[in-house]
Amino acid sequence: MIWDEDFETLPREALEDLQLKRLRATTERVYATVPFYKNKFDEAGIRPQDIKSLIDLKHLPFTTKIDLRDNYPFGLFAVPMEQVVRIHASSGTTGKQTVVGYTRRDINTWAELMARSLAAAGAQKNDMIHNAYGYGLFTGGLGVHYGAEKLGASVIPISGGNSKRQIIIMQDFGSTVLTCTPSYALFLAETSEEMGVDIKKMKLKVGIFGAEPWSERMRDEIEHKLNIDAIDIYGLSEVMGPGVSIECIEAKRGLHIFEDHFIPEIINPQTGEVLPHGEKGELVFTTITKEAFPLIRYRTRDISVLYRQPCKCSRTHVRMERVSGRSDDMLIIRGVNVFPSQIESVLMNVAGVEPHYLLVVDRQGTLDTLEVQVEVNQKGFSDEVKDFQMLGRRIEKDIKDLLGVTAVVRMVEPKTIQRSEGKAQRVIDKRKI
Amino acid sequence: MKVEQISIFLENKPGALAEVTRILGEAGVNIRALSLADTKDFGILRLIVNDNEKAKEALGPKGFTVRKTEVVAVEVPDRPGGLAEILKILAEARINVEYLYAFVQQSGENAIIIFRFDETDRAIALLSEKNVRILEGQKVYTL
């Protein structure tokens with residue numbers, strides 16, 4: 001279903017006219033109201049009136065996570081605090097949090113875009129939305145919540161954690177839509193199995209998963225284990241929160257970016273050069289309707305590809321490929337770029353191990369080492385040492401073939417790799433470089 | 001003629017073995033024979049117990065990976081060269097022994113050795129033909 005037919009199927013030409021108009025308004029406003037942007041524009045020798053077409057966007061300077069931290073907490077807000085009705089912050093893995101604000105209109109826009117997202121995933125008014133994203137400073141919980149209410153669905157604001165209760169409520173209330181991180185969806189499937197509850201027989205029909213990178217194979221596994229359609233949603237608090245882009249259930253291929261509100265670019269993360277559509281690189285977003293916290297060319301560190309091919313759902317908005325990793329948690333092991341999601345796709349192809357893994361990177365002398373800890377499952381458990389060694393060697397070979405990096409596989413007991421109820425921690429880097 | 005053995009995957013870390021034996025003890029499962037194959041990272045604990053079902057039921061919910069394997073309990077004369085004679089019979093028939101371990105108790109005059117073969121049925125037939133005594137599972141569990 002399309003929530004906002006007018007804007008979601010706007011012909012490209014009209015869409016680009018709208019983008020240019022909104023981009024110019026945004027640049028004028030940030031130049032006038034946020035000293036950080038004025039300084040950056042001045043340094044780059046560009047003025048808002050130099051933006052004559054969308055092509056000119058590439059002359060504007062980038063904004064990075066470091067800029068957000070340097071202006072902690074409210075330095076990049078473009079409106080006085082009395083107009084701000086909501087604050088969120090993203091969990092910084094290092095240093096300070098990144099703080100974002102919303103005006104009443106921003107909250108309404110976000111709810112609209114989240115309603116579009118839910119509708120694109122097949123949710124409707126009569127659905128029971130089981131929202132297991134965390135509520136709080138994290139944008140996941142409240143973002144989905146407001147969208148679900150806007151859609152008119154019944155939302156269960158269960159938040160994360162207490163997984164057994166989640167299963168009971170899902171069953172008793174007849175939840176039809178599940179929203180959480182993909183790793184938590186698998187954890188819920190495991191929990192229900194332990195409880196002797198058949199999650200496949202529940203009323204769940206679709207899950208909307210995001211906030212961490214996942215793979216097609218993980219989608220297959222979730223769809224199989226929960227007997228649902230699994231839809232990828234994307235968003236980040238700096239840009240808005242969940243609902244920046246979403247897959248449509250018709251195609252389940254690529255996430256439509258709501259281009260009437262955000263302008264995406266793909267750049268080479270090393271050089272900053274804008275790459276043509278179809279090439280893989282770092283996603284960059286410019287917000288063009290946000291009031292409290294507009295962002296110009298924000299470097300997400302997420303790796304993706306943009307493509308313009310028309311979609312069978314009839315939305316005209318550009319699609320981004322599912323995020324395949326992050327340019328900053330990308331590991332460089334002996335000079336080879338390794339994305340944890342690639343390891344996952346190897347494990348998904350191997351019978352006998354679970355797709356849960358922990359990568360431990362270390363350095364012995366001058367040589368990087370990569371240890372991949374994987375959980376043995378019942379199917380893969382032989383009582384002979386040589387079978388394990390063969391399984392381990394097969395995984396090591398697949399990793400070497402696919403990624404070009406030498407890894408050592410270590411088998412661990414089932415369910416000993418930490419299941420995070422938010423974002424799964426998959427990498428421990430012990431190198432002191 | 002076969003004996004059921006349970007195998008448990010263990011990480012090579014302090015306390016792993018203690019945990020398994022504690023769980024079995026609390027479930028009232030008696031261990032009749034055991035062996036531990038170890039590597040740098042993990043071990044495989046193989047057990048003959050008096051009640052396989054009870055052992056599986058106790059360990060499964062605690063997150064242990066447990067598997068049943070068929071092994072053969074062979075009576076071996078308790079004198080120099082006793083084991084060698086049996087292994088010679090197997091070697092001549094080109095039956096491979098994957099692993100073996102000794103049982104704690106004796107059966108009369110004879111020692112009992114638990115064998116895992118690559119071809120279990122052929123090994124049983126061959127040994128029976130050569131008048132080597134093989135113990136029934138039920139007897140082994142309660143010996």
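What follows is a walk through a predicted model of two chains, A and B.

Start with the overall make-up. Chain A has 433 residues, and 46% of these are buried. Its secondary structure comprises 11 helices and 21 strands. Contacts at a separation of 6 or more can be sorted by how far apart the partners lie in sequence. In chain A, 66% of these contacts join residues 24 or more positions apart.

Chain B has 143 residues, with 31% counted as buried. It holds five helices and seven strands. Read from the N terminus, the order in chain B is β-α-β-β-α-β-α-β-β-α-β-α. Residues 24 or more positions apart supply 68% of the chain B contacts with a separation of 6 or more.

Now turn to the sheets of chain A. One is an open sheet of nine strands, in the order β4-β3-β5-β6-β7-β8-β9-β14-β13. Its pairing is mixed. At the edges stand β4 (154–156) and β13 (306–307) of chain A, and each of them pairs on one side only. Strands of a sheet pair through backbone hydrogen bonds, either parallel or antiparallel. For a parallel case, look at β3 (residues 128–131) and β5 (residues 177–180) of chain A, which are joined by three bridges. Within this pair, A:I129 sits opposite A:V177 of β5(A).

Another open sheet of chain A has four strands, ordered β20-β19-β18-β21, again with mixed pairing. Strands β20 (408–412) and β21 (427–429) of chain A lie at the edges. Each has a single partner strand, so one side of each lacks a neighbour in the sheet. On average, neighbouring strands here are turned by 20° against each other, direction ignored.

In this four-stranded sheet, β18 (residues 353–364) and β19 (residues 367–376) of chain A run antiparallel and share nine bridges. One of the residues to find here is A:L358, whose bridge partner in β19(A) is A:Q373. Helix α10 (residues 340–348) of chain A packs on the sheet and touches β18, β19 and β21 of chain A. The direction of α10 makes about 135° with that of β18(A).

Helix α10(A) also leads to a helix partner. Helix α9 (residues 216–226) of chain A packs against α10(A) at an angle of about 50°, and the axes are 8 Å apart. That angle makes the two helices oblique to each other. On the α9(A) side the contact uses A:R217, A:M218 and A:E221. They meet A:E344, A:S345 and A:M348 of α10(A). The residues of this contact divide into two nonpolar, one polar and three charged.

Which residues of α9(A) are buried? They are A:M218, A:R219, A:E221, A:I222 and A:L226. Viewed down the axis of α9(A), these residues fall within an arc of 165°, so they line one face of the helix. An α-helix has 3.6 residues a turn, so residues three or four places apart point the same way. On the other side of α9(A), A:D220 and A:H224 are exposed. The buried residues of α9(A) pack against several elements of chain A: α8 (182–195), β6 (206–209), β7 (229–236), α10 and β18. Two of these tie back to the sheets: β7 is among the strands of the nine-stranded sheet, and β18 belongs to the four-stranded one. Just after α9(A), A:N227 takes a positive phi of about 55°.

A second helix pair is worth a look. In chain A, the axes of α5 (residues 104–120) and α6 (residues 139–151) come within 7 Å and cross at roughly 75°. Helices α5(A) and α6(A) are therefore roughly perpendicular to each other. From α5(A), the contact includes A:I107, A:W110, A:M114 and A:L118. From α6(A), it includes A:V144, A:Y146, A:A148 and A:L151. The residues of this contact divide into 11 nonpolar, three polar and two charged.

Last comes the meeting of the chains. Here 12 residues of chain A are in contact with 14 residues of chain B. Strand β20(A) gives the most to the chain A side, with three residues. This β20(A) is also an edge strand of the four-stranded sheet. The residues on the chain A side divide into six nonpolar, one polar and five charged.

Methods
Residues numbered from 1 in each chain as written. Chains lettered and ligands numbered in written order. Predicted model: local features only at pLDDT ≥ 70, side-chain atom pairs only at ≥ 80, totals over all residues. Pairing = 2+ DSSP bridges. Axes fitted to C-alpha atoms, helices over the stretch in contact; angles between N-to-C directions. Contact = placed C-beta atoms within 7 Å. Nonpolar A, V, L, I, M, F, W, Y, C, P; charged D, E, K, R; others polar. Parallel < 35°, antiparallel > 145°, perpendicular 65-115°, else oblique. Buried ≥ 20, exposed ≤ 12 C-beta atoms within 10 Å, placed from the backbone. Arc of directions from axis to C-beta.
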